[in-house]
Amino acid sequence: MSARLDRTPLPRSFFDRPVLTVAPDLLGRTLVRRTEEGPLELRITEVEAYEGESDPGSHAYRGRTARNASMFGPPGHAYVYFIYGMWFSLNLVCGPPGHASGVLLRAGEITTGAELAAKRRLSARSPRELAKGPARLATALDVDRSLDGTDLCGGTDSPLSLLTGTPTSPDLVSSGPRTGVGGAGADHPYRFWITHDPTVSRYRAHAPRRRST
């Protein structure tokens with residue numbers, strides 16, 4: 001990338017804003033994941049916003065549970081959930097405590113530690129596929145429920161943190177419906193991505209799961 005990477009950590013005030021303001025502003029930022037094997041860094045290229053109790057597509061729409069409790073916590077923390085009995089997804093909590101809004105990290109470019117990510121993503125056919133989709137992103141960065149509630153503003157002692165990175169110009173940001181969200185939240189244009197970036201995942205409309213008979 002031609003623009004210089006700003007390694008200044010983002011303050012908690014960055015996250016303490018409306019989720020629809022934070023979500024597109026995350027594009028181009030750098031997520032740092034510190035592991036025992038070494039650090040990994042991800043340039044964020046695709047996200048989805050979820051507005052909590054007011055959003056039919058959000059896990060918090062029906063209130064607080066043991067699973068989604070981190071969404072109700074202070075801004076600047078991680079919310080990690082397990083889905084389909086197989087995968088984890090990483091979200092960043094936004095807004096004031098008790099509001100339960102967050103941003104799902106859908107895709108990104110591994111800029112540091114690609115060799116570590118590739119060991120976890122053996123099916124990736126190229127570097128651009130290492131974190132192309134929320135489950136792939138979490139797998140590549142070794143994210144699981146043990147990181148739920150992690151403070152991203154905890155400094156270098158935290159396993160996760162967010163750097164200023166290279167913010168994306170608004171004229172390079174696209175938006176549209178969220179992937180796989182059905183019902184009343186299906187048409188909300190809360191998905192944001194860097195236009196034409198090769199690491200962005202493919203959009204898929206919601207498909208109801210068939211029950212076996």
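**Note on the largest pocket, strand E3 and the salt bridges**

1. The largest pocket has a lining of 42 residues, and those nearest its centre are Ile-83, Tyr-84, Arg-106, Pro-134 and Thr-179. The elements that each contribute two or more residues to this lining are E3, strand E4 (78-83), strand E5 (87-94), E6 and H4. The model is a predicted one.

2. The space in the largest pocket comes to about 1300 Å³. By residue class, its lining divides into 17 nonpolar, 14 polar and 11 charged residues. H4 supplies the largest share of the lining, four residues.

3. Strand E3, one of the elements that give two or more residues to the pocket lining, has 12 of its 13 residues buried, so the strand is largely enclosed by the rest of the structure.

4. What pairs with E3? An antiparallel pairing over six bridges connects E2 and E3, and these two strands form a hairpin with two residues between them. Within this pairing, Thr-35 has Gly-38 in E3 as its bridge partner. E3 also pairs with E6 in the antiparallel sense, over nine bridges; here Arg-43 is matched with Glu-109 in E6 as its bridge partner. A further antiparallel pairing, over three bridges, involves E3 and strand E9 (residues 191-194). In E9, Trp-193 is the bridge partner of Glu-46.

5. Glu-46 also takes part in a salt bridge, with Arg-106, where the closest N and O atoms are 3.0 Å apart. This pair links distant parts of the chain: Glu-46 belongs to strand E3 (residues 38-50) and Arg-106 to strand E6 (residues 101-112), 60 residues apart. Are these partners buried or exposed? Glu-46 has a relative accessible area of 0% and is therefore buried. Arg-106 is buried as well, because its relative accessible area is 6%, under the 20% limit for that class. Arg-106 is also one of the residues nearest the centre of the largest pocket.

6. In total, the structure holds 15 salt bridges. As general background, side chains of opposite charge can pair when their charged atoms come close.

7. Arg-33 forms a salt bridge with Asp-142, with 3.8 Å between the closest N and O atoms. Arg-33 sits in strand E2 (residues 30-35) and Asp-142 in the loop between H4 and E7, so this pair ties together parts that are 109 residues apart in sequence. Arg-33 counts as buried at 7% relative accessibility, whereas Asp-142, with a relative accessible area of 33%, is partly exposed. Through salt bridges that share partners, Arg-33, Glu-37, Arg-120 and Asp-142 are joined into one network.

8. Which residue forms a salt bridge with Asp-151? The partner is Arg-12, and the closest N and O atoms of the two are 2.9 Å apart. Asp-151 lies in the loop between helix H4 (134-140) and strand E7 (160-165), while Arg-12 lies in helix H1 (residues 12-15), so the pair ties together parts that are 139 residues apart in sequence. Asp-151 is partly exposed, at 24% relative accessibility. Arg-12 is partly exposed too, its relative accessible area being 31%.

Note on methods: Residues numbered from 1 in each chain as written. Predicted model: local features only at pLDDT ≥ 70, side-chain atom pairs only at ≥ 80, totals over all residues. Heavy atoms only, no water. Salt bridge = Lys/Arg side-chain N within 4 Å of Asp/Glu carboxyl O. Buried < 20%, exposed > 50% of the residue type's maximum accessible area, 1.4 Å probe, protein only. 1 Å grid on protein atoms, 1.4 Å probe; cavity = no way out; pocket = protein on both sides within 12 Å on 5 of 7 lines; lining within 4 Å. Points joined across faces, edges and corners; volume = space filled by probe spheres on them. Nonpolar A, V, L, I, M, F, W, Y, C, P; charged D, E, K, R; others polar. Pairing = 2+ DSSP bridges.
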